[in-house]
Amino acid sequence: MSEFLEATDEAAALESLHDLSCTDGLPVVIPTPSRVERLVLASGLDADMVLGELGPAMGIATVEKVAVAAVMAGCIPDYMPLVVAAVKAAADPRFDLTELQATTHCTAPLIIVNGPARIECGPVASGFGALGPGHRANASIGRALRLCLINIGGGRPGVSDMALLGHPGKFTYCLAEAEEDSPFPPLHTSLGFDATDSVVTLLGCEAPHSVLYSDNADDPEDAEKLLYILSTGLANLATNNAIFTSGTALVVLGPKHAGVLARANMSRDAVAQRLWELTHLPTADHDYYGGQYGSRFSDEEYCVFAEPENILIMVAGGSGLYSMVMPNWGGASHANCAVSVQVENNFFCEIPGLSGNP
């Protein structure tokens with residue numbers, strides 16, 4: 001069980017948590033026993049159940065400790081199944097969390113939510129401003145994971161979290177796929193799950209890079225032009241993916257841009273394949289700009305991504321001129337790959353009258 005801290009009142013408790021470096025720098029909800037208990041109850045799991053180890057401190061993530069972080073982040077009981085799934089994904093060895101927390105790169109775990117839990121455990125925003133302010137579920141679920149990475153995983157800036165600058169997604173980084181606006185099957189079905197499953201996918205990402213493209217339905221090359229622009233943002237020589245030639249990156253298509261590809265009768269696999277082809281870059285440029293990573297390839301072109309499957313494609317955001325791409329770090333033994341975990345919300349315990357503020 002967790003150890004208890006004592007304070008004269010909640011204001012003093014907040015200052016104590018700041019002094020102990022237990023916050024993300026912003027005010028938190030004080031995790032009193034009753035508040036933590038109701039989120040544990042909402043999870044449908046035992047308080048001492050181990051969800052995994054979080055590096056680099058290799059702290060044991062129990063349900064109770066995760067509930068503490070969720071309370072501090074402002075989560076309501078409905079969000080607990082998603083927080084639990086995100087922690088499980090982070091603890092998966094394939095996610096390379098220890099290395100991700102210790103790298104100097106500006107990477108942060110992005111939580112992608114698919115399936116019925118987008119609504120049942122949220123709603124988690126997928127439309128206008130989904131990665132910005134104003135969406136309680138997105139903000140608090142992503143923040144809960146970050147507080148777990150700080151207080152269980154030991155990721156503290158300049159001590160064990162060695163990101164040279166970081167990015168705002170290290171506060172919170174969470175959105176749902178806009179499945180209803182997508183011409184493709186949901187992302188999680190491409191990762192081996194059924195459409196009716198609820199799934200959290202975790203990927204270490206840089207901040208979103210905006211991609212501007214003005215479509216023209218009368219242009220027979222409309223889709224190809226869009227894909228070229230996306231590929232330029234995805235794998236230019238400023239990205240780790242282009243220099244390390246490893247990792248998995250994310251393309252977040254706005255609904256309007258997704259429509260461009262739909263008009264061209266392109267499937268998700270076809271889009272990934274073409275983006276992979278367009279991210280074959282000149283070896284001479286890599287040799288010239290790659291520094292210590294250059295002079296590795298004998299052919300005139302090299303592949304930024306090992307396979308088309310290393311380019312994830314989803315639909316989200318408002319409809320307009322912009323999509324987003326998120327390159328990633330691509331380091332460590334598993335190349336900081338994406339990890340997906342099914343949400344176990346069938347055990348979720350609804351607590352009457354307690355779905356409001358913690």
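Tutor: A cavity is a set of grid points where a 1.4 Å probe fits but cannot get out, and a residue counts as lining it if one of its atoms comes within 4 Å of such a point. With that in hand we can read this structure, which is a predicted model.

Student: What makes a residue part of the lining of the second largest cavity, and which residues are they?

Tutor: Having an atom within 4 Å of a cavity point is the test, and the residues that pass it here are Pro-109, Ile-111, Gly-142, Leu-145, Arg-146, Leu-149, Gly-169, Lys-170, Phe-171, Thr-172 and Tyr-173. Strand S3 (108-114) and helix H7 (136-151) are the elements that each supply two or more of the lining residues, and H7 has the largest share, with four. The space enclosed is about 50 Å³.

Student: How do you know how the lining of the second largest cavity divides by class?

Tutor: The division is six nonpolar, three polar and two charged residues. Tyr counts as nonpolar and Gly as polar under the rule used, whereas Lys and Arg count as charged; therefore Tyr-173 is placed with the nonpolar residues, Gly-142 and Gly-169 with the polar ones, and Arg-146 and Lys-170 with the charged ones.

Student: How many cavities of 30 Å³ or more does the structure hold, and what is the volume of the largest?

Tutor: There are two cavities at or above that size, and the largest has a volume of about 80 Å³. Its lining consists of Ser-43, Leu-45, Met-80, Pro-81, Val-84, Ala-85, Lys-88, Gln-342, Val-343 and Glu-344, and helix H4 (residues 80-91) contributes the most, namely five residues. By class, this lining has six nonpolar, two polar and two charged residues.

Student: Why are S4 and S12 called edge strands of their sheet?

Tutor: The open sheet has four strands in the order S4-S3-S5-S12, with mixed pairing. Strand S4 (174-176) and strand S12 (339-342) each have a single partner strand, so one side of each is left without a neighbour in the sheet, and that is what puts them at the edges. From one strand to the next, the twist averages 25°.

Student: How do you know that S3 and S4 pair, and in which sense?

Tutor: Pairing requires at least two bridges between the strands, and S3 and S4 have three, in the parallel sense; they therefore satisfy the requirement. One of the facing positions is Ile-111, whose bridge partner in S4 is Cys-174. Ile-111 also belongs to the lining of the second largest cavity.

Student: What lies across the strands of this sheet?

Tutor: H7 lies across S3, S4 and S5, at about 135° to S3, while H4 lies across S3, strand S5 (199-205) and S12, at about 50° to S5.

Student: What is the strand order in the open sheet that holds S6, and which strands are its edges?

Tutor: The order is S6-S11-S7-S10, again with mixed pairing, and strand S6 (209-212) and strand S10 (311-315) are the edges, each pairing on one side only. Neighbouring strands here are turned by 25° against each other on average, direction ignored. Within the sheet, strand S7 (residues 249-253) and strand S11 (residues 322-326) are antiparallel over three bridges, with Val-252 opposite Met-324 in S11. Helix H11 (residues 255-263) lies across S6, S7, S10 and S11 at about 95° to S7, and helix H12 (residues 268-278) lies across S7 and S10 at about 130° to S10.

Student: Is Met-49 called buried, exposed or partly exposed, and why?

Tutor: Its relative accessible area is 32%, and because buried means under 20% and exposed means over 50%, Met-49 falls between the two and is called partly exposed. Met-49 sits in the loop between helix H2 (33-43) and strand S1 (50-54), and beyond its neighbours within four places in sequence it is in contact with Ala-61, Thr-62 and Val-63.

Student: What makes S1 and strand S2 (residues 59-62) a pair?

Tutor: At least two bridges are needed, and S1 and S2 are joined by four, running antiparallel, so the condition is met. Thr-62 in S2 is the bridge partner of Val-50, and Met-58, in this hairpin with four residues between the strands, takes a positive phi near 55°.

Key
Residues numbered from 1 in each chain as written. Predicted model: local features only at pLDDT ≥ 70, side-chain atom pairs only at ≥ 80, totals over all residues. Heavy atoms only, no water. Axes fitted to C-alpha atoms, helices over the stretch in contact; angles between N-to-C directions. Contact = heavy atoms within 4.5 Å. 1 Å grid on protein atoms, 1.4 Å probe; cavity = no way out; pocket = protein on both sides within 12 Å on 5 of 7 lines; lining within 4 Å. Points joined across faces, edges and corners; volume = space filled by probe spheres on them. Buried < 20%, exposed > 50% of the residue type's maximum accessible area, 1.4 Å probe, protein only.
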